[in-house]
Amino acid sequence: MGTLVKRNFDTSACVKQKYSPHIENASDCGQCITDTMLKHLSLVLLTLQNAILILVMRYTRTRPGDMYHATTAVVMSEILKVITSLVILATQEKTLTKFVCYLRDNIWRQPMDCLKVSVPSIIYTLQNNLLYIALSNLDAATFQVSYQLKILTTALFSVFMLNKKLSTHQWCALLILFVGVALVQFRPDDAKSSKLSTTAQKPMMGLFAVILSCFMSGFAGVYFEKILKGTKQSLWLRNVQLGSLGAIIGLITMEIKDGPKIQEKGFFFGYDYLVWVVIIFQSMGGLLVAVVVKYADNILKGFATSAAIVLSCIASIYLFDFRLSLPFTTGAFLVIISVYIYSKYVPENDLPQVSEYAGKKEKSPSRVM
């Protein structure tokens, strides 16, 4: 009987040893499928967000009727970003007590850490205001292509502030990018303005706003990456800090620029469902980039950017009577190629690294805004 029992025990052990790897493989396979689905879903959403935001924002800034105040839209976008990040944090912490303690320990008890975040927060808020100025004076397609200059400014700031090394292919891609953006600005006189625009267009002001916005985006992104390294705070907590400070800065900017008008007409003057679409999509931008960085890679993110450029150009032809020209087409093509090359040939020591915090392993994103 003792021998029989022993045999039964050994058989069970063998069965467990034989089949447990299959169970683990099945679990890993399911997780792999989930990650793949999230990767493709996040890329599709990021592409649509990049394209639709620019198109709808351009339309709301040039259509007839009551014009909303861009400064109020920036404030609402920051508030929505904070609310979304808080909901995600609350879901991760699972209980209200843990959630409150987490915020207390990482925000209230670390004022100096929040002070560090205030620098990129101020810059991002001003940059968002500049985007409205740019899209009020540039058509959607030209803006979408020109705004890719942020890749160049981010790369330059990364080299000087973080001592990052760029590959030869990346330097060539940056040169191609600059040439492409320059070509886009040379367009025939009959294609410079849309017939559907009802507001006075100032292309030079729009271009200046884009260039300044690109420099601010590059500096803020690299600065934010620098303070992220070596910290244990999660991505969503950083979004709460950025959004909260951004909302405060946005309110100050709103009061300085549009204070008397808002007091006269109201905070939500000119708002309709399209304005809310702009606000929602703008607040989603940073969160989507965070998800893409976690589940995808630089090449796929670059593909999403290129796809958004193509979609914006095609949609502008039908929605805004946009006319393609040889310089614009050539420049847009060069920009798309440069984005692909820059994303593909990333030095191995500059690939996203895995950092561990809050008991979970995640990729460290370089920029979330």
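This is a short tour of the structure, stop by stop, for use with the viewer open. The model is predicted.

**Stop 1: the whole chain**

Start with everything shown as a cartoon. How many helices and strands does the chain have? There are 12 helices and two strands. Now trace the chain along its sequence. The pattern reads α-α-α-α-α-α-α-α-α-α-α-α-β-β.

Next, colour by burial. Of the 369 residues, 46% count as buried. Then think about contacts between residues at least 6 apart in sequence. Of these, 88% join residues at least 24 apart.

**Stop 2: the nonpolar cores**

Select Tyr132, Phe143 and Phe328. They belong to the largest nonpolar core, which has 60 residues, and they have the most contacts inside it. Another core lies apart from that one, and it has nine residues. To find this second core, select Val82, Tyr102, Trp236 and Val240, which are among its members. In soluble globular proteins, nonpolar side chains tend to be buried together.

**Stop 3: helix 2 against helix 4**

Two packed helices are described by the angle between their axes and the distance between the axes. Try this with a first pair. Select residues 70-93 for helix 2 and residues 111-137 for helix 4. Their axes come within 9 Å and cross at roughly 135 degrees. Helix 2 is therefore oblique to helix 4. The crossing is right-handed.

Which residues meet here? From helix 2, show Ala70, Thr71, Ala73, Val74 and Glu78. From helix 4, show Thr125, Asn128, Asn129 and Tyr132. Tyr132 also appeared at the core stop, as one of the residues with the most contacts inside the largest core.

**Stop 4: helix 2 against helix 9**

Keep helix 2 selected and add residues 235-265, which form helix 9. The two helices pack at an angle of about 160 degrees. Their axes are 7 Å apart. Why is this pair called roughly antiparallel? Angles over 145 degrees count as roughly antiparallel, so helix 2 is roughly antiparallel to helix 9. This crossing is left-handed.

**Stop 5: two residues in helix 4**

Go back to helix 4 and pick serine 121, which is found there. Is serine 121 buried or exposed? Its relative accessible area is 2%, so serine 121 is buried. Leave aside its neighbours within four places in sequence. Serine 121 is then in contact with Leu242, Leu245 and Gly246.

Now move along helix 4 to isoleucine 133. Isoleucine 133 is partly exposed, with a relative accessible area of 31%. Not counting residues up to four places away in sequence, isoleucine 133 touches Met205 and Ala209. Add arginine 61 to the view. Arginine 61 and isoleucine 133 are 72 residues apart along the chain, and their C-alpha atoms are separated by 8.9 Å.

**Stop 6: lysine 150**

Select residues 149-162, which make up helix 6, and find lysine 150 in that helix. Lysine 150 has 27% relative accessibility and counts as partly exposed. What does lysine 150 touch, not counting residues up to four places away in sequence? The answer is Cys214 and Ser217. Serine 217 sits 67 residues from lysine 150 along the chain, with 6.5 Å between their C-alpha atoms.

**Stop 7: the cysteines**

Stay with cysteine 214. This residue is buried, at 1% relative accessibility. Compare cysteine 172. Its relative accessible area is 42%, so cysteine 172 is partly exposed. How many disulfides are counted? The count is zero.

**Stop 8: two loops with a positive phi**

Most residues other than glycine have a negative phi. The last stop shows residues with a positive value.

- Select asparagine 163, in the loop between helix 6 and helix 7. Its phi is near 55 degrees, and asparagine 163 is not a glycine. Asparagine 163 is exposed, with a relative accessible area of 62%.
- Select aspartate 321, in the loop between helix 11 and helix 12. Its phi is also positive, at about 55 degrees. Aspartate 321 is partly exposed, with a relative accessible area of 30%.

Key: Residues are numbered from 1 along each chain as its sequence is written. This is a predicted model: local features need pLDDT of at least 70, side-chain atom pairs count only at pLDDT 80 or more; totals for chains, interfaces and linings use all residues. Side-chain values use heavy atoms; hydrogens and water are left out. A nonpolar core is a set of buried Ala, Val, Leu, Ile, Met, Phe, Trp, Tyr and Cys residues joined through side-chain atoms within 4.5 Å. Buried means under 20% relative accessible area, exposed over 50%, partly exposed in between (1.4 Å probe, protein chains only). A disulfide is a pair of cysteine sulfur atoms within 2.5 Å. Axes are lines fitted to C-alpha atoms, for helices over the stretch in contact, and angles run from 0 to 180 degrees between N-to-C directions. Helices (H or I, at least four residues) and strands (E, at least two) are DSSP runs, numbered from the N terminus. Angles under 35 degrees count as roughly parallel, over 145 as roughly antiparallel, 65 to 115 as roughly perpendicular and the rest as oblique. A crossing is left-handed if the near helix is turned anticlockwise from the far one by less than a right angle, and right-handed if clockwise. Contact means heavy atoms within 4.5 Å.
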